[in-house]
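Let's take a friendly walk through this structure, from its charged pairs to its ligand site. Have the sequence and the 3D view open as you read.

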Amino acid sequence: MKKTIEVETVAEAYLSLLAERGIDWLFANGGTDFAPMVEGLAAIEAKSRTPRLKVVSVGHENVAMAMAHGYYLMTGRPQAVMFHVNVGTANGINALADAARDQVPILFTAGRSPLTERGQRGARDTGIHWAQEMFDQAGMVRELCKWDYELRSGDQLEDVVDRALEIATSEPCGPVYLSLPREVLSAPMTRFSFETAPRRGLGTAPGAAPEAVARAAAILAAAERPLIIARAHARLAADAAALAEFAERFAFPVIEFRALANALPSDHPMLLGFDPLPALGEADAILCIETDVPWIPVHHGEPAPGCRVIQLGVDPLFRRLPIRSFPCDVAVTGTPAVALPALAQALAGRIPPATIAARRQRLAQGRERAAAETASTLARAASARPLHPAWASHCIARAKPADALLVNEYPLLLSYAAFPQPRSYFGTPTAGGLGWGIGAAIGAKLAAPDRVVIATLGDGAYMFGNPTAGHQVLRALDLPVLFVIFNNAMWEEVGRAALSVFPDGHAARANRIPVADLGPAAAYEHMMAVYGGHGERVEAPADLPAALDRALHAVTVEKRQALLNLIVGRRGARP
Ligand SMILES: Cc1ncc(C[n+]2csc(CCOP(=O)(O)OP(=O)(O)O)c2C)c(N)n1
């Protein structure tokens, strides 16, 4: 059905169309290229047009991108950002790498320097308009986007927006880039007609090929010690549910390694842990689900000789990774929600109930052993000073409400933290472009305002996250998020890498690891004074539970953002 609206400019039509296509928010960081957008937004506001796109101004593009990322993780719907020409695009590229590798559909847009030097409305009127022009602005992001285009005329508005969204939301999903020249957006338009339901194949998941399913089922049916390793298997709720059911039915142990989100609640009987060891070397069949890196050969070794490996996912070969040589005896193409029920059907009746029962018992014993080890480590960590990250992880998980959302950029140790609900934990993107956690937590809170949102961040991740921009936008949106910083005054990961490559080298013997050390621990709790939040520094392990309660009170009752600055030791240190 066609709908026609009265508009004044192409920008007004564009913004109206985004809202019609189900985009709730535009995460924006503006400049002179935004002149027609500003006018268009004001026009829509003045006319009280619905549906209406909401716009939030974010003080750094990486935060805006991460907000879009977090909002997507909650809703499963494509998101939109707009930045200032080439320079704003440049600032968003780190977070773009995170979104691209984690297959997050984002309409990444930026203005384009005015094309004309005089004459048209929107033509150049400041020096930057010459200096910011590039021969190929989209070239900056082409490797990380599935598609790019420049809007050349208002006549193609509907076609371009729908094309962008169908590419972004078709599997494997991912960001697309659209540049928007100022004259094109500023051009007069009086009536805009568009289809209310576009005839596009938005986001249809590929079905698993029966032959691949049959071969995978044959491997799993014959296996004595099968294992599932999964990373991005819980992108959507339906995927998480499909894995929980599949693993439970056949008693397949699951390792959620570097998980994007947890599919299994912590008490799920099939959850074996978070690290491929020691199960990797014992398995005779491994089903990797949406896992770009199922194990790290240098650290974990390789599967046992003869172990068969199945790779399952929307892009089981991870075509965009230049080199990736993990074995793949069978590739099953499909989302977990589509492919796992097909695999279950092919496996039905083929694994003897006694085998499943024995596996279940073995797994229960393994879980009990692991729980006992965790408890004894925790008992030692509980009195360590500086705080041990294991104790901090445990206290945070224990203090949070059962349905709280936790966004973790680096420090949380999953073995010590319980998550009673699926998809209540969200982990660092696989690309590791730091600075994701603050924005992702804010985006999650925006999409799920009734849930408590906690961000656990290394002090490095906190700094990379442009905290001033993050705290500011929370204030502007009047949203409370709790930030817990694991402040070890260093980039532990950078030091760890040096010691891993040169275990007996000079750095290993040095008191201070070059590059990794950041100097005295900063008093980040004072950031809250600037933004009207609740801030505390915690140094003694016994003080942490009460400090968490006070911070959660600030967030849930006072509706203020809060920050706990935990002075911690190294994650890798034995308590
Ligand atoms: C944009 C970006 N720059 C640099 C890095 C390299 N890097 C990986 S981990 C890390 C340190 C993170 O520090 P912190 O959050 O404090 O965690 P820690 O390693 O101390 O546990 C750095 C700098 C990165 N991943 N992304």
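A residue counts as buried when its relative accessible area is under 20%, and as exposed when that area is over 50%, with partly exposed in between. Please keep in mind that this is a predicted model.

**A buried threonine and its surroundings**

With that cut-off in hand, Thr 456 is a clear case: its relative accessible area is 0%, so Thr 456 is buried. You will find Thr 456 in strand S17, which covers residues 453-458. The side chain of Thr 456 makes a polar contact of 2.9 Å with the side chain of Asn 408. Leaving aside residues up to four places away in sequence, Thr 456 touches Ile 396, Leu 406, Val 407, Asn 408, Glu 409, Pro 411, Leu 412, Val 484 and Phe 486.

One of those contacts, Ile 396, is among the buried residues of helix H14. Helix H14 runs over residues 389-399, and nine of its 11 residues are buried, so this helix is largely enclosed by the rest of the structure. The buried residues of H14 are Pro 389, Ala 390, Trp 391, Ala 392, Ser 393, His 394, Cys 395, Ile 396 and Ala 397. Which elements cover the buried residues of H14? The cover includes helix H13 (353-381), strand S15 (405-409), S17, strand S18 (482-487), helix H21 (544-556) and strand S20 (562-567).

**Salt bridges**

Side chains of opposite charge can pair when their charged atoms come close. How many salt bridges does the structure hold? There are 31 salt bridges in the structure. Three of them are set out here, with the distance between the N and O atoms.

| Salt bridge | N to O distance |
|---|---|
| Glu 133 and Arg 112 | 3.9 Å |
| Arg 182 and Asp 125 | 3.0 Å |
| Arg 537 and Glu 525 | 3.9 Å |

Let's start with Glu 133 and Arg 112, whose closest N and O atoms are 3.9 Å apart. This pair links distant parts of the chain, 21 residues apart: Glu 133 sits in the loop between helix H5 (128-131) and strand S6 (148-150), while Arg 112 belongs to strand S5 (residues 106-112). Glu 133 is partly exposed at 35% relative accessible area, whereas Arg 112 counts as buried at 9%.

Next come Arg 182 and Asp 125, which meet in a salt bridge of 3.0 Å. Arg 182 lies in helix H7 (residues 182-186) and Asp 125 in the loop between S5 and H5, so the pair ties together parts that are 57 residues apart in sequence. Is each partner buried or exposed? Arg 182 has a relative accessibility of 6% and counts as buried, whereas Asp 125 is exposed at 55%.

The last pair in the table joins Arg 537 and Glu 525 at 3.9 Å. Arg 537 lies in strand S19 (residues 534-538), and Glu 525 in the loop between helix H19 (506-509) and helix H20 (527-531), so this salt bridge ties together parts 12 residues apart in sequence. Arg 537 is partly exposed at 35% relative accessible area, and Glu 525 counts as buried at 10%. Elsewhere, Glu 8, Glu 12, Lys 47 and Arg 49 are joined into one network by salt bridges that share partners.

**Nonpolar cores**

In soluble globular proteins, nonpolar side chains tend to be buried together. Here the largest nonpolar core has 99 residues, and Phe 27, Phe 246, Leu 287, Val 332 and Leu 343 have the most contacts inside it. Helix H3 (residues 61-75) supplies the largest share of this core, with nine residues. Leu 343 touches Val 213, Ala 216, Ala 217, Leu 220, Phe 246, Leu 287 and Leu 312, not counting residues up to four places away in sequence. A second, separate core of 37 residues includes Val 7, Tyr 14, Leu 53 and Phe 194.

**The ligand site**

Which residues come nearest to the ligand? Of the 16 residues around the ligand, they are Gly 432, Gly 460, Glu 492, Glu 493 and Arg 571. A backbone N or O atom of Gly 432 lies 2.7 Å from a ligand nitrogen atom, and a backbone N or O atom of Glu 493 lies 2.8 Å from a ligand oxygen atom. From the side chain of Arg 571, an N or O atom is 2.5 Å from an oxygen atom of the ligand. Taken alone, the ligand exposes 580 Å², and the protein buries 80% of that. Helix H16 (459-464) and helix H18 (492-501) are the elements that give two or more residues to the shell around the ligand. H16 gives the most, with four residues.

Conventions
Residues are numbered from 1 along each chain as its sequence is written. This is a predicted model: local features need pLDDT of at least 70, side-chain atom pairs count only at pLDDT 80 or more; totals for chains, interfaces and linings use all residues. Side-chain values use heavy atoms; hydrogens and water are left out. A salt bridge is a side-chain nitrogen of Lys or Arg within 4 Å of a carboxyl oxygen of Asp or Glu. Buried means under 20% relative accessible area, exposed over 50%, partly exposed in between (1.4 Å probe, protein chains only). A nonpolar core is a set of buried Ala, Val, Leu, Ile, Met, Phe, Trp, Tyr and Cys residues joined through side-chain atoms within 4.5 Å. Contact means heavy atoms within 4.5 Å. A residue is near a molecule or strand if one of its heavy atoms lies within 4 Å of it. A polar contact is a pair of N or O atoms within 3.5 Å; within protein, one must be able to donate a hydrogen and the other to accept it, and residues adjacent in sequence count only if both atoms are side-chain atoms. Accessible areas come from the Shrake-Rupley method with a 1.4 Å probe; for residues, only the protein chains shown count as cover.
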